[in-house]
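Dear colleague,

I am handing over the structure we spoke about, and below it you will find an account of what came out of the analysis. Please read the text with the model open beside you.

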Amino acid sequence: ALWVSPMESRKGPHLVIQALARTSSDVTLKMVGDGPQRKSLEELAVRLGISDRITFTGWVERTDAVKLMRGATTVIFTGLREEGGLALAEAMFTARRLIVLDHGGAGSIARSTTDQERVIRVPPGALDAVASGFAAAIDHHFEAPPVDDRPLLDRRAAVAELEDAVLTALQQR
């Protein structure tokens, strides 16, 4: 499994670590990025007894991150406050499977997928429920048969949904 993002609270990196602790013991996670929460995330992995299943790579070049997405079984997006997300759009063009916290712009982009079977949207909620939802999705993707690598993003549908979301937000002001 792969998680790519800055390691800061609004990106929800603790969710993916909590989820990994609930998955099958043969599932491993690569966390790509760096930031103010990295040390506490490494400590959380140790406390949960899963530090041997996580690789913290630090920051990598964007092109290298995209290559990692292409090779991962599943790419995970746990952003708590997302308007959209370049990494999510890149993953939808390159990754085989995705798991996304289903809210805001990330949820809108994920709903525009061309293959609902390859994208799992986890509803927001309490920490335990969300972590368990991500864990179930990760296990599902690791147990599923191989899939092709056709893009998961319907660009027109995603743009239309984001435009609708922006108009709705502006009307609610």
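**Glu90 and its surroundings**

Leaving out residues up to four places away in sequence, Glu90 touches Arg62, Val66 and Met69. Please keep in mind throughout that this is a predicted model. The contact with Arg62 includes a polar one, in which the side chains of Glu90 and Arg62 come to 2.7 Å. Glu90 itself sits in helix H4, which runs over residues 86-94, and Glu90 counts as buried because its relative accessible area, 17%, falls under the 20% cut-off.

**Helix H4**

Glu90 shares its buried state with much of its helix: Ala87, Leu88, Ala89, Glu90, Ala91, Met92 and Thr94 are the buried residues of H4. Since seven of the nine residues of H4 are buried, the helix is largely enclosed by the rest of the structure. What do the buried residues of H4 pack against? Their partners are strand E1 (2-4), helix H3 (62-71), strand E4 (75-77), strand E5 (98-101) and helix H5 (104-111).

**Ile138, Thr23 and helix H1**

A second site worth your attention is Ile138, which is placed in helix H6, residues 127-143. With a relative accessibility of 2%, Ile138 is under the 20% limit and is therefore buried. Apart from residues up to four places away in sequence, Ile138 touches Ala19, Thr23, Val27, Ile76 and Ile99. Of these, Ile76 is 62 residues from Ile138 in sequence, while the C-alpha atoms of Ile138 and Ile76 lie 8.5 Å apart in space.

Thr23, another of the residues that Ile138 touches, belongs to the loop between helix H1 (13-20) and strand E2 (29-32). Is Thr23 buried or exposed? Its relative accessibility is 9%, and Thr23 accordingly counts as buried. Once neighbours within four places in sequence are set aside, Thr23 is in contact with Arg53, Ala135, Ile138 and Asp139, and the side chains of Thr23 and Arg53 are also joined by a polar contact of 2.6 Å.

Ala19, which Ile138 also touches, is one of the buried residues of H1, and the others listed with Ala19 are Pro13, Leu15, Val16, Ile17, Gln18 and Leu20. Helix H1 is thus mostly covered, with seven of its eight residues buried.

**The protein as a whole**

The protein contains seven helices and six strands, and along the sequence these follow the pattern β-α-β-α-β-α-β-α-β-α-β-α-α. For 173 residues, a compact globule would be expected to have a radius of gyration near 16 Å, and the 15 Å computed for the protein agrees with that. The C-alpha trace spans about 45 × 40 × 30 Å along its principal axes.

Buried residues amount to 46% of the 173 residues. Among the contacts with a separation of 6 or more, 68% are between residues 24 or more positions apart, and the contact of Ile138 with Ile76, at 62 residues apart in sequence, is an example of that kind.

As for the surface, the accessible area of the protein comes to about 8,800 Å², and carbon and sulfur atoms account for 52% of it. The charged side chains number 21 positive and 23 negative, and the centres of the two sets are 2 Å apart.

With kind regards

Key:
Residues numbered from 1 in each chain as written. Predicted model: local features only at pLDDT ≥ 70, side-chain atom pairs only at ≥ 80, totals over all residues. Heavy atoms only, no water. Helix = DSSP H or I, 4+ residues; strand = E, 2+ residues; numbered from the N terminus. Buried < 20%, exposed > 50% of the residue type's maximum accessible area, 1.4 Å probe, protein only. Polar contact = N/O pair within 3.5 Å; in protein donor to acceptor, adjacent residues only side chain to side chain. Contact = heavy atoms within 4.5 Å. Rg over C-alpha atoms; globule rule 2.2 N^0.38 Å. Areas by Shrake-Rupley, 256 points an atom, 1.4 Å probe, with all protein chains shown as cover. Lys, Arg positive; Asp, Glu negative; His and termini not counted. Charge placed at Lys NZ, Arg CZ, Asp CG, Glu CD.
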